[in-house]
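Good morning, and thank you for coming. Please have the sequence and the three-dimensional view open while I speak.

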Amino acid sequence: MAADLMEIDDSLYSRQRYVLGDSAMHQMAQSSVFLSGMGGLGVEIAKNIVLAGVKAVTLHDTKQCETWDLGCNFFIHKEDVFNQRRRVEVVCPRVAELNPYVHVDTSLCPLDDNTDLSFLRKYQCVILTEARLSLQKRVNEFCHSQQPPIRFISCDAFGICVRVFCDFGEEFEVSDPTGEEPKEIFIQNISQDNPGVVTCMDNQPHGLQTGQSVIFREVGGMEELNGSVRQATVLSPHSFSIGDTAHLHSYAHGGYFVLVKTPKTFRFETLEQQLYDPQLLIPDFSKPEAPQQIHVAMLALETFQEQHSRLPNIGCLQDAEALVKLAGDVSATLKNKAPVNTELVLNLSRTARGTLPPLAAAVGGVASQEVLKAITGKFAPLQQWLYIDAFEVVGPLQSLSPEEFLPRGDRYDALRACIGESMCIELQKLRVFMVGCGAIGCEMLKNFALLGVGLARSSGEVCITDPDLIEKSNLNRQFLFRPHHLQKPKSTTAAEATRNINPDMQVDAHLNKVCPATESIYNDSFYSGLNLVVTALDNVEARRYVDSRCVSNQRALLDSGTMGTKGHTEIIVPNLTESYNSHRDPPEEEIPFCTLKSFPSVIEHTIQWARDKFENAFVHKPSMYNAFWQTHSSAEVVLLRMQAGESLESSFQVIKLMSRQPSQWEQCIAIARLKFEKYFKRKALQLLHSFPLDTRLKDGSLFWQSPKRPPTPIEFDLQDPLHFDFVVSTARLFAGIYNVPYSEKDLTEETVSRILSEVKIPEYRPLEKCIETDETAKKPDQVKLPLSSEEEREAILHLEQAISTDRVTPECLRMSPLQFEKDDDSNGHIDFITAASALRAKTYNIEPADRLKTKRIAGKIIPAIATATAAVAGLVALELIKVVGGYGFESFKNCFFNLAIPVFVLTEPAAVKKTPIRNNIYFSIWDCWTIFGHEDFTLSEFMNAVREKYGLEPTMVVHGVKMLYVPVMPGHSKRLKVTMQKLIKPAADRQYVDLTVSFAPETDGDEDLAGPPIRYYFRPDAAMMP
């Protein structure tokens, strides 16, 4: 099955398609890649590009498996070392297993200064790892000289320093430098001037850069602009100029503009040209000189290898001094000279033989993304060097004796060379709780296995939990899973795969969510047995909850996340940093109800409208129907109660559903056809009846002006595929909720056409009704709207008829609510939303979205790709070592990156804030004061205890949202004599509660002072209990 002839397998690649787009995916499926070196860095790159879905990968390596490899290469096992197998022969089938669409083969031929390189011509990209600089230069020259050039990438990892170099030829065209989807921005005004100035509506930021081009649509008055492309000069975040508009008609109203994406050409120099005047990306602006310093150090290391045919020996002072001298010599040859960082060079000398697996994972993710750029022309390439160091990991270890770092003949020798034996032991004793076993979770577990985190023999443990089952779309990023794992639990499967990498690990897998409902499992006693917590979650709410538990229990939290090519890491350390909850992103803007109902202006509005229609018709109403008949089991009793004038909640809606209940496929088609008439013709006619095209507002301006679009009623046409799709998909869903059977033949155009020819469409008469135009108005709750007497009579009549005609059967009183599932293409859910959204878009003259885009927006799918996942997990695992080592605040690094641009920014975390109370009393988010009570402990005694222990006068006591004591509240003074037990009413097993207490200010008239939470224990011995 040739990859270039195949359609994209959306069930596997759906999340990645949203990152790369179909054009890039097709180019990948026609590209062959050569990758040399199967060490820790090489296998990371192999994993990522095979998961991504290139056509073919040749893995090259000549080395044999050694014990050393077990700590670097997650695809090499003990038996491979014992059987003296070659690395590439071991890795190849295990890499190939990751993606059935990629052909993976091997090469064992020597690749050196004498090799004929002509065999490389069949590849579009060549990546070298573990190659000497002389070979890198030779291969690079060959690749650069080809027509078209073979894209060349080299990567090196020596201890604490890693680098990536790219050369994609003298002219490398990129179709889409950023990958950002252009947005429609509505216009407030365009001045008639030279230059004309465009102002965005509602101060919306345009996001443009000077020199970019925009195209105009639907501009009223200055109509000459429509369809024209103008270059923008940015004036402010909300305005830009577009050249001369003085001779155009004056601007009247409306219109929008969209960024025009234009290809960009990048020029590369060869490795030889770049060595002495390197173009460097700066990842850490707190040390902007670092890339140049690492460049010098690693070139010195290359010279050392040429002179000694080896790397510096671990702990050898003579080798270290020689490397420092060589670094000085190298620095003198550079065009932009920089002082040698002696401390960095000394640490490189000591660690060069070693490997930090998380560093290899991070740079492997970056390098893999560059491979995908090289073969697709999607996203801006790295120009031309990226250097990353982990000096902060090893800096505090410099005082340890050289023996700490010497090899001991086990799988941790490469790691030990970097961080020492004592730190390895601490990692092995670690007890970690990881929440989530998705893409980041799988990568983290791999890193844990290579680092030796949580070994059984050291009483360590990694506890993981995830309630989800493995879906096919997971296999594109969650590399511990294979096709035979589908529908198995993620956590138990990931645990088994992790033990395959490192059999000594103790992994305890749970299937629970971590939320208030599971606090009896993940209680304080559980957290007290942990060293730290790692989140591998995909939603903010869950992160916030886990963060609150970590703060409450004084545990470090390592958080990370990705969206497409973007990634972030956040390190949260007790008493050093702020927590995840210390910062809050602004809430996502809701689409106003009136916009969704009557005035959509962009495709997101029509997709959300269709999603709401699905939820209301096929989820909410059937669920309401079932709930009603579970509460009222007899239709006769319901009728009697309604005839007696009793009001039963949702009875009108339920009886309406019952009266329209179809029993045959033909009726489902008829309902769908009537829905078409209602949604896409009658609603438009009604809107135009209520607001004719010439309607004006009180200020004289037109009602129908941008962003409001007047609708155009659609006449049903069975020959239009979109109309047919809507009717069939809608009928299928109604058949599903009403349990109506249908066959494949029933879905054919012939059958549907025959049924539709007999459907009677009632004549349309416009209504005199009020249409909501207030954007602040909320959607009314239909169930709670008062019924008119006519509606009540109608409901009673329908129920009487149903009972008298024996239509009220047990089957009739039960519907089958649907559960929206975006990834099952056979269920018709996305078919309905795509057709409904596209028809509504056409009604309002909005550009429709294809099925793929509709699925992403309706399903709230987060675009994802393995390269970014690998990078964030590697960066987090580096920080884990620092947490275990008890390092100081200045050692920790948060990261934000966007591999597409590429931008890579390392920053210090936010330092914990100390809030003063008074008299040199401060508190932070990590502080929690304690008071121990007993069964008869009163509120007054509690307040006295706080006063005596902390020297502050409590003025107000609150538990959650319940005010226990507020002096100004009526009756609260009587509560002082009431026991805490009675006021709080804790659950039987509850040992404590956290109370919010305010304190009296120093000066009368000032506001009360806030303090930390006060943990009140119900019994004196409660804190000691498990």
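Helix H1, residues 10–20, and helix H27, residues 851–858, cross at roughly 80°, and their axes come within 11 Å. The two helices are therefore roughly perpendicular to each other. I should say at once that this is a predicted model. Which residues of H1 and H27 meet? On the side of H1 they are Asp10, Ser14, Arg17 and Tyr18, and on the side of H27 they are Leu852, Lys855 and Arg856. Sorted by character, the residues of this contact comprise four charged, two nonpolar and one polar.

Please turn now to another pair of helices. Helix H19, residues 603–631, packs against helix H21, residues 651–659, at an angle of about 105°, and their axes are 10 Å apart. That angle makes H19 roughly perpendicular to H21. From H19, the contact is made by Lys621, Met624, Tyr625, Phe628 and Trp629, while H21 contributes Ser651, Gln653, Val654, Leu657 and Met658. In the contact of H19 with H21, seven residues are nonpolar, two are polar and one is charged.

I continue with the nonpolar cores. The largest of them has 176 residues, and those with the most contacts inside it are Leu59, Leu356, Ile419, Phe448 and Leu532. Helix H28, residues 866–884, supplies the largest share of this core, namely 13 residues. A second, separate core of 81 residues includes Ala617, Phe628, Phe652 and Phe726. What does Leu356 touch, if we leave aside residues up to four places away in sequence? Its contacts are Gly159, Ile160, Ala390, Leu415, Cys418, Ile419, Leu878 and Ile881.

Next come the sheets. One open sheet has eight strands in the order E3-E2-E1-E4-E5-E6-E17-E16, and its pairing is mixed. Strand E3, residues 103–107, and strand E16, residues 280–281, are its edge strands, and each pairs on one side only. Within this sheet, E5 and E6 run antiparallel and are joined by seven bridges. Cys155 has Val164 in E6 as its bridge partner. Helix H11, residues 357–376, packs on the sheet; it touches strands E1, E4, E5, E6 and E17, and its direction makes about 5° with that of E6.

Helix H10, residues 342–351, has seven of its ten residues buried, and is thus described as mostly covered. Those buried residues are Leu344, Val345, Asn347, Leu348, Ser349, Arg350 and Thr351. Among the elements that cover them are strands E5 and E6 and helices H8, H9, H12 and H13.

Another open sheet of eight strands follows the order E20-E19-E18-E21-E22-E23-E24-E25, again with mixed pairing. Why is one side of E20 and of E25 left without a neighbour in the sheet? These strands, residues 507–510 and 903–907, stand at the edges and each has a single partner strand, so one side of each stays without a neighbour. On average, neighbouring strands of this sheet are turned by 10° against each other, direction ignored.

Let us follow part of this sheet strand by strand. Strand E22, residues 556–563, and strand E23 run antiparallel, with seven bridges joining them. Thr562 stands opposite Gly567 in E23. E22 and E23 form a hairpin with two residues between them, and Gly564 in the turn has a positive phi of about 65°. Strand E23, residues 566–572, is mostly covered, with five of its seven residues buried. E23 also pairs with strand E24, residues 894–898, in the antiparallel sense over four bridges. There, Thr569 has Cys895 in E24 as its bridge partner. Finally, E24 and E25 run antiparallel, joined by five bridges, and Asn898 stands opposite Val903 in E25.

I close with some details of the backbone. Most residues other than glycine have a negative phi, and most peptide bonds are trans. Where, then, do we find a cis bond next to Pro148? A cis peptide bond joins Gln147 and Pro148, with omega at about -5°; Pro148 has its place in the loop between helix H6 and E5. Another cis peptide bond joins Ser706 and Pro707, with omega at about 10°, and Pro707 lies in the loop between helices H22 and H23.

Two serines deserve a look as well. Ser309 has a positive phi near 55° and is found in the loop between H8 and H9. Ser309 is exposed, with a relative accessible area of 65%. Ser459, too, has a positive phi, of about 65°, although it is not a glycine. Ser459 lies in the loop between helix H14 and strand E19, and is exposed, with a relative accessible area of 52%. Thank you for your attention.

Notes:
Residues numbered from 1 in each chain as written. Predicted model: local features only at pLDDT ≥ 70, side-chain atom pairs only at ≥ 80, totals over all residues. Heavy atoms only, no water. Core = buried A, V, L, I, M, F, W, Y, C linked by side-chain atoms within 4.5 Å. Buried < 20%, exposed > 50% of the residue type's maximum accessible area, 1.4 Å probe, protein only. Contact = heavy atoms within 4.5 Å. Axes fitted to C-alpha atoms, helices over the stretch in contact; angles between N-to-C directions. Parallel < 35°, antiparallel > 145°, perpendicular 65-115°, else oblique. Nonpolar A, V, L, I, M, F, W, Y, C, P; charged D, E, K, R; others polar. Pairing = 2+ DSSP bridges.
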